[in-house]
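Trainee: I am new to this structure and would like a close look at a single part of it. Could you take me through chain B, with its packing and its contact with the other chain?

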Amino acid sequence: MFGYYLDLALRSLKRNKMLTALMVLAIALGIGASMTTLTVLHVLSGDPLPGASATLFYPQLDPQDMDGYEPDREPPRQVTWIDGMNLLHARRADHQALMTGGAVPVQPAQSGLDPFYSDARYTSSDFFPMFQTPFLYGHGWSAADDEGKARVVVISRSLNDKLFGGKDSTGQTLRMKDTAFSIVGVLDEWRPNPHFYDVNMGNYASSEDVFLPLATARQLQLDRNGSMDCWGNGGGDESNLENAPCVWLQFWVQLDSPAKVADYKAFLANYSREQKALGRFQRPVNVRLSGLMEWLDINKVVPGDVRLQAWLALGFLLVCLVNTVGLMLAKFLRRAGELGVRRALGASRREVFAQLLVESGVVGLAGGVCGLLLAFGGLWLVRRQPSDYAALAHLDMTMLLATFLLAVGSTLLAGLLPAWRACQITPALQLKSQ
Amino acid sequence: MDILPILSTLRRHKITAFLVILEIALTCAIVCNAVFIISQRLDRMAMPSGVDEHRLLHAMLANIGATSDGKARTQEDLAALRQIPGVAEVASVNQVPFGGSSWNTGIKLDPKQHTSTLNATTYYGENLVRTLGAQLVAGRDLLPDEYMDFDDVVRAAAAKDNRMTPHVVVITQKLAERLWPGQSALGKQIYLSDDPVNVVGVVKELVRPSIWDDATASYSMVLPIRVSQGEYLLRTASPQDRERVLAAALDKLKQINPHRVVLKKHIFDDMRHNYFQDDRAMAGLLAGVCVALLVVTALGIVGLGSFWVAQRRKQIGVRRALGATRRNILHYFQTENFLLATIGIALGMLLAYGINLLLMAHYELPRLPASYFPVGALLLWLIGQLAVLGPALRAAAVPPVVATRSV
């Protein structure tokens, strides 16, 4: 029966090409616009580390003085050097890493390459196992390297390609800011989106090319990038950030079970009380421990414009659907005579209804295919935009499937009313007027 | 006119009429809000900077090896840059308008205040006001002997030594008006730490390097602090030769000290262009969707109009046979469309207002000005009339003889 309905649908659609084209075009435009913006939204609000994100947490403490204190305000979004080091050395989590962004002058050994600046991350040894970074060659550095301020470095695959032609460079020397570093590892392609571990670098920044121990970077006074908030008389003196009343470091922990999460939160509260007793903290205890995805929400990483665009596109799809309902109604009612004959020959209302819905489904499918082409075009346009997330706008399998579901689903929905109206036709009346 | 018969016809085609009304209402609501957002973005992109944009150049360099004696090297750079033909003014600065990364601090009007009155950006750099070409509207510029070195200021601040911290500041007019409404800011004091800083000059406008809230976009101060972080601003004598001057300046800097790399180099016009690129993209996208919406709505009206005309061929024939002119038939369909559009527009206005309330709550958008309503109405009436013209003309072309034919 379905095959027959399909045949009828195609015949009917062919009969009035103009009207069919109008319907398909409206659906395609609506679907194309919606899928473009929804894909961007989907990509941008994705999980940066699928599988690992549920065990990653971001602690917050409030080390500020009483100036400007308001109860229950969010604590600073970064930590001071002292607190970061205390928490790091306490080792109360399964993994923990302290970090900041930076930039280092790379001095290639090859004569053909000019020196250049690379984005860097100064961090501690757990960074690699905690974030499950893939290694192409070698491995990360050890906690002993952190303590010993070792001159070791992990570089990205792209930097390895640039400097060593993609060969295994572990054990080789990399000169940065007139200092020789030994390469211990080369990362494979790794670009978590969003750039969750430090959103100051841009929410969708690509990951860094150079990773080296935080203590080493501080000892060599390497350039720091990112945001810094100070209170009291602190601020500005980059050479003495260790004692400054400033927050400028990010601290992440991995906690493998809910019990450990509760324990860690208690530990943070305890730590704050202790620091208050010591006189370092002044404010009442105010600690937070957010999960990775929650942290992204708090930082509002998905741009407001992208959400607005998605709403706009859905509004546009709604108009296109109303338009389709109208056109389909016109189409079905115009065929009142034909439907009357089918009813008179014994087709039940249900069968006529099914036949008309198949026809809407075909329109939806055609609209979906054209809409998909438009979405590809739309995403191509998005990728040409200058924003840092632009390059990420690609359609994945989920969104491809969603396109067709949305197209056929919404068109069937749009077909319901016209099909129901067309079923109400009394066969006798139609036959009589013929 | 034909209004009564039209209404009675529409009552028999409730669903179709309702669909047309709904489509027009939705389109009207979305287009009104979209156009409003576009105009907001265009306003933002035209935000005044208060600086001599067409003649400004920006360069940022970083040393490759460990640095020593940055202050002397900066003075050397500045002296060399001044020698380049076509350069009018030079400054070594800590940040530039529309540059992105910024230095900010809280301002208090009383040192005992619990929280800061507001947050403003701090520009440092000798000769900065003149190089930027900011217009002084009251008081004076900072004097050379008032300038202090950044390192000394930081050290003094940490040691709570108020002799080596700045005591004078130049602020923008907007900041002055916000701090002391209706009064002259000259001679007034602000507190960045425990010590007062005197306002000695007011500039007409000076935009921040990065703007979170458009209302505070020109909350800027210039403090008498010398910096040497390798970031330079140049003002050329004329806009024509700025590309040449920028290239010459970079050559010169590399020549003085080859052991460094250029991190940034811009003509200021490009900095403005880059700063507002997201707004430009958003405005373009919204404009595209508006056009698409209007086209889809127009096509919908054409489709339904044609259907109606086809359905009523016989009635039209009867009316023609009974003496109605072509013009009467044409007007009938045009009036019908006008009625539907009017109802749709009225509903659309309400909906537009509702959407605007939602946007105000979630996207910090201001209230939709009332002037958008008549313009939106006019636009949709026009689109409706244009779209229905084709089907209406076809209806008018129906010959009276149709009435006599049995189908």
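Mentor: What follows goes from chain B as a whole to its helix packing, then to its contact with chain A, and ends with a few backbone details.

Please keep in mind throughout that this is a predicted model. Chain B is built from 12 helices and 13 strands, and its C-alpha atoms fill a box of roughly 105 × 50 × 35 Å along the principal axes. For a compact globule of 407 residues one would expect a radius of gyration near 22 Å, whereas chain B has 33 Å. Buried residues make up 40% of the 407 residues in this chain. If we consider the contacts in chain B with a separation of 6 or more, 83% of them join residues that are 24 or more positions apart.

Within chain B, a helix pair that repays attention is α9(B) and α12(B), the latter covering residues 372-396. Packed helices in general are described by the angle between their axes and the distance between the axes. Here the angle is about 25 degrees and the axes are 8 Å apart; angles under 35 degrees count as roughly parallel, and α9(B) and α12(B) are therefore described as roughly parallel to each other. The crossing in which α9(B) passes α12(B) is right-handed. On the α9(B) side the residues that meet the partner helix include Leu294(B), Ile301(B), Val302(B) and Val309(B), while α12(B) contributes, among others, Ile383(B), Leu386(B), Pro391(B) and Arg394(B). Sorted by class, this contact has 11 nonpolar, 5 polar and 1 charged residues.

We can now turn to the place where the two chains meet, a contact that takes 41 residues from chain B and 38 residues from chain A. On the side of chain B that touches chain A, the elements giving two or more residues are α2 (14-45), α5 (150-158), β13 (260-267) and α9 (277-311) of chain B. The largest share of that side, 16 residues, comes from α9(B), the helix that also packs with α12(B). By class, the side of chain B that touches chain A divides into 27 nonpolar, 11 polar and 3 charged residues.

A helix pair across the chains brings α2(B) together with α10(A), which spans residues 304-334, and their axes come within 9 Å and cross at roughly 160 degrees. Since angles over 145 degrees count as roughly antiparallel, α10(A) and α2(B) are therefore placed in that class. The crossing of α10(A) past α2(B) is left-handed. Among the residues making this contact are Leu312(A), Leu318(A), Val322(A) and Leu329(A) of α10(A), together with Ile15(B), Leu19(B), Glu23(B) and Ile30(B) of α2(B). By class, the contact has 13 nonpolar, 5 polar and 1 charged residues.

Some backbone details remain. In chain B, Asn127(B) has a positive phi of about 70 degrees although it is not a glycine, and its place is the loop between β4 (118-124) and α4 (128-132) of chain B. Because Asn127(B) has 20 C-beta neighbours inside 10 Å, it counts as buried. In chain A, Gln132(A) also has a positive phi, near 50 degrees, and lies in the loop between α4 (127-130) and β4 (135-138) of chain A, but with 13 C-beta neighbours inside 10 Å it counts as partly exposed. Finally, a cis peptide bond joins Asn193(A) and Pro194(A), with omega about -5 degrees, and Pro194(A) is in the loop between β7 (179-187) and β8 (210-213) of chain A.

Technical notes
Residues are numbered from 1 along each chain as its sequence is written. Chains are lettered from A and ligands numbered from 1 in the order in which they are written. This is a predicted model: local features need pLDDT of at least 70, side-chain atom pairs count only at pLDDT 80 or more; totals for chains, interfaces and linings use all residues. Two residues are in contact if their C-beta atoms, placed from the backbone, lie within 7 Å. Helices (H or I, at least four residues) and strands (E, at least two) are DSSP runs, numbered from the N terminus. Ala, Val, Leu, Ile, Met, Phe, Trp, Tyr, Cys and Pro count as nonpolar, Asp, Glu, Lys and Arg as charged, and the others, Gly among them, as polar. The radius of gyration is taken over C-alpha atoms; the globule rule is 2.2 Å times the number of residues to the power 0.38. A residue is buried if 20 or more other C-beta atoms lie within 10 Å of its own, exposed if 12 or fewer, and partly exposed in between; C-beta atoms are placed from the backbone. Axes are lines fitted to C-alpha atoms, for helices over the stretch in contact, and angles run from 0 to 180 degrees between N-to-C directions. Angles under 35 degrees count as roughly parallel, over 145 as roughly antiparallel, 65 to 115 as roughly perpendicular and the rest as oblique. A crossing is left-handed if the near helix is turned anticlockwise from the far one by less than a right angle, and right-handed if clockwise.
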